[in-house]
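Here is a briefing on one structure. Have the sequence and the 3D view open while you read.

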2 protein chains.
Amino acid sequence: MNDIIISIDLGGTRIRAARFNTHLHILERTETLTLAHEGQAAVLERIKGLVREVMPADGSKVLGIGISAPGPLNPQTGVIVAPPNLNGWHNVPLGGILREAFDLPVYVGNDANVAALAEYLRGAAKGNYRHIVYVTHSTGIGSGIITEGKLLLGRDGLAAEVGHIPLVFDQGRISTLENEAAGPDMAAQAVKRIQAGETSAIVDLVDGDLSRVTGSIVGHAAQQGDPLALEIVRRSGMLLGLGIVTLLHLFNPEIVIVGGGVSTLGDLIFTPMKEAIERYAHDPAYYQDLVITHPTLGEDVSLVGAAALVLTQGGGMDITAAAQKLAL
Amino acid sequence: MNDIIISIDLGGTRIRAARFNTHLHILERTETLTLAHEGQAAVLERIKGLVREVMPADGSKVLGIGISAPGPLNPQTGVIVAPPNLNGWHNVPLGGILREAFDLPVYVGNDANVAALAEYLRGAAKGNYRHIVYVTHSTGIGSGIITEGKLLLGRDGLAAEVGHIPLVFDQGRISTLENEAAGPDMAAQAVKRIQAGETSAIVDLVDGDLSRVTGSIVGHAAQQGDPLALEIVRRSGMLLGLGIVTLLHLFNPEIVIVGGGVSTLGDLIFTPMKEAIERYAHDPAYYQDLVITHPTLGEDVSLVGAAALVLTQGGGMDITAAAQKLAL
């Protein structure tokens, strides 16, 4: 019998759970809808139920439970602070609740940090990398950063929040990367310009109902060659590139992995992003040997990363060493 | 006999050298002028001469030589890339040259990183801190960052260069923190506005010769209450605050130490800087328990930091553990 890790991916729509071996392979999985509107107690019961489903029945030793959850959260205390997509959750001690229910070590990590761990151990950054930046470009912009083989957490686990860095200064107005470049801002820009009289294929894609415009719709229009949408996507990619320039100067990584829904637009985002990197980096040394790539793990990324939290005791251990030991 | 560390502070004006014990106390010191115009070979000979002067005569064991040098440099290879204030130096393998001359381990660090180490072990951040940001605001803007008790270096030692992060300004113009807020930019702004017709006490301070305006002169005028100078200093402090907001979101530190010539203006810089932090941080959790302070080591900071490089083998070891062992 081999040791087992239990992994949970708590999302706004779905809760997934899996049983892993210590090589980070999934042995069994299950999932259910989150149904957050039914209240926090009901969701917590569903989580416990899924954990029971994937617990080993053969008496294998369980090393611990790892949870990927929406931030902000404190990985030291396991407290979920106030996730925007889990309505009504505020300072929920999820780590402590599960620790008490199952009498096991529990490690909680935010989704971007956990994704960085997963791509490091099993995905795009597998190999000899020690300095890794993972950026997710979606309805928000987040990051997970690994320096010298360790997950960067900071004092309270609030580090690596690239979306909140201040960036734009038009007429003295200051905004953040996320508020200027993420999906909802792309949608808002499109709506504003259409309302001001510009024409765009976006109007037809939402049957004339501008309240239905999302970042995803703007991306779809850009893929069809709509000039307005292309301009908005290009600006988003350029600003993302500027955010990455900041990360390059602060972390000097070997690899940057760009994931999230907006990134699936591929070159429409990557081309302006790379142009910004080459134009605004202080020195070619920051990007000439840099690998810039997409994530490879797909939907399982959070489950793999949450399991990795257990292996690395919350990301606090040197992960390269752990990976070598486990021949991951 | 106790073990000894040799420390060198290579600056554009002076070279300092000292003999330290392993508690990071100076036992003996010496210095000479750099005279960079005499050429690289002459400067290298002067460095070797100073090392010989501070070598122990009693047969004590020397653990190694630590060097603080102007960046950019590669701490892994000990190569000084192209320091602006050491004219004609380009890819000088300073570490290797001294290693060969003295047959000792040699560790090279850039001045901001070394200052962070020094303030951590002997200065403003002495204590139980594990996450430290040191920012220097002078003719340039640089930083040294300690995460989880280790100096942040990145792949090639090019990490922690906060001065080069891009910020977007009016009309899509993109510039860097350093180019908008450091001393030379403060001087350039003052000159431009005076030439455009504004009045300022700065004109009298330079006897009407605007080519003599420096960041330091602008600071002096601000201390005298000159409205133009006060406005420029205030903008510099605000932009520095925005840079620190970026560092808070990426590193979630316990303490931020702000040093360098411009920072000696005290509240003239610190007040707008703190206002920007409180206004633009995403959440009070980033600053409510944050210590923001001045450095305490003064002129010896680089010598202490370079000696600390030897103790921590280039900053790569956990420094808290080293400090505890040495009862620093």
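The points below cover the interface, the symmetry, the core and the sheets.

The model is predicted. Chains A and B touch through 35 residues of chain A and 34 residues of chain B. Chain B can be laid on chain A by a turn of 180°. Two open sheets, one described in chain B and one in chain A, each hold five strands.

**Interface**

- On the chain B side, 34 residues are in contact with 35 residues of chain A.
- Strand E11 (166–168) and helix H8 (227–251) of chain B are the elements that give two or more residues to this side.
- H8(B) supplies the largest share, six residues.
- By character, the residues on the chain B side divide into 19 nonpolar, eight polar and seven charged.
- Of the interface residues of chain B, 100% are also interface residues in chain A, so the copies meet through the same surface.

**Symmetry**

- Superposing chain B on chain A gives an RMSD of 0.2 Å, with a turn of 180° and a shift of 0.0 Å along the axis.
- That is the relation of a two-fold axis.
- Which residue of chain B comes closest to the rotation axis? Asp170(B) does, with its C-alpha at 1.8 Å.

**Nonpolar core**

- The largest nonpolar core has 213 residues.
- Val218(A) and Val218(B) touch the most other members of this core.
- Beyond its neighbours within four places in sequence, Val218(A) is in contact with Met186(A), Ala187(A), Ala190(A) and Ile202(A).
- Val213(A), Ala229(A), Ile232(A) and Val233(A) are also in contact with Val218(A).

**Ala18(A)**

- Ala18(A) sits in strand E2 (residues 14–21) of chain A.
- Is Ala18(A) buried or exposed? Ala18(A) counts as buried, because 25 C-beta neighbours lie inside 10 Å and the cut-off for burial is 20 or more.
- Leaving aside neighbours within four places in sequence, the contacts of Ala18(A) are Ser7(A), Ile26(A), Glu28(A), Arg29(A), Val54(A) and Leu303(A).
- Ala18(A) and Phe270(A) are 252 residues apart along the chain, and 33 Å separates their C-alpha atoms.

**Chain A: sheet E10-E9-E8-E13-E14**

- This open sheet of five strands has mixed pairing.
- Strand E10 (150–151) and strand E14 (291–293) of chain A stand at the edges, each with a single partner strand, so one side of each is left without a neighbour in the sheet.
- Why does strand E8 (residues 132–137) of chain A count as largely enclosed by the rest of the structure? Six of the six residues of E8(A) are buried, which means the strand is largely enclosed.
- Both faces of E8(A) are covered. Ile132(A), Tyr134(A) and Thr136(A) are buried on one side. Val133(A), Val135(A) and His137(A) are buried on the other.
- E8(A) runs antiparallel to strand E9 (residues 141–147) of chain A, joined by six bridges. A hairpin of three residues joins E8(A) to E9(A).
- E8(A) runs parallel to strand E13 (residues 255–259) of chain A, joined by five bridges.
- Val133(A) has partners in both strands: Ile145(A) in E9(A) and Val256(A) in E13(A).
- E13(A) pairs with E14(A) in the parallel sense over three bridges. Here Ile257(A) has Thr293(A) as its bridge partner.
- Helix H3 (residues 111–122) of chain A lies across E8, E9, E10 and E13 of chain A. H3(A) runs at about 50° to E9(A).

**Chain B: sheet E3-E2-E1-E4-E7**

- This sheet is also open, with five strands and mixed pairing.
- The edge positions belong to strand E3 (26–33) and strand E7 (106–110) of chain B, each with a single partner strand, so one side of each is left without a neighbour in the sheet.
- On average, neighbouring strands of this sheet are turned by 15° against each other, direction ignored.
- Strand E1 (residues 4–10) and strand E2 (residues 14–21) of chain B run antiparallel, joined by seven bridges.
- In that pair, Leu10(B) stands opposite Ile15(B).
- Helix H1 (residues 40–54) of chain B lies across E1, E2, E3 and strand E4 (62–69) of chain B. The angle between H1(B) and E2(B) is about 25°.

Methods:
Residues are numbered from 1 along each chain as its sequence is written. Chains are lettered from A and ligands numbered from 1 in the order in which they are written. This is a predicted model: local features need pLDDT of at least 70, side-chain atom pairs count only at pLDDT 80 or more; totals for chains, interfaces and linings use all residues. Two residues are in contact if their C-beta atoms, placed from the backbone, lie within 7 Å. Helices (H or I, at least four residues) and strands (E, at least two) are DSSP runs, numbered from the N terminus. Ala, Val, Leu, Ile, Met, Phe, Trp, Tyr, Cys and Pro count as nonpolar, Asp, Glu, Lys and Arg as charged, and the others, Gly among them, as polar. Copies are superposed by least squares on the C-alpha atoms of residues with pLDDT of at least 70 in both. A nonpolar core is a set of buried Ala, Val, Leu, Ile, Met, Phe, Trp, Tyr and Cys residues joined through C-beta atoms within 7 Å. A residue is buried if 20 or more other C-beta atoms lie within 10 Å of its own, exposed if 12 or fewer, and partly exposed in between; C-beta atoms are placed from the backbone. Two strands pair if DSSP finds at least two bridges between them. Axes are lines fitted to C-alpha atoms, for helices over the stretch in contact, and angles run from 0 to 180 degrees between N-to-C directions.
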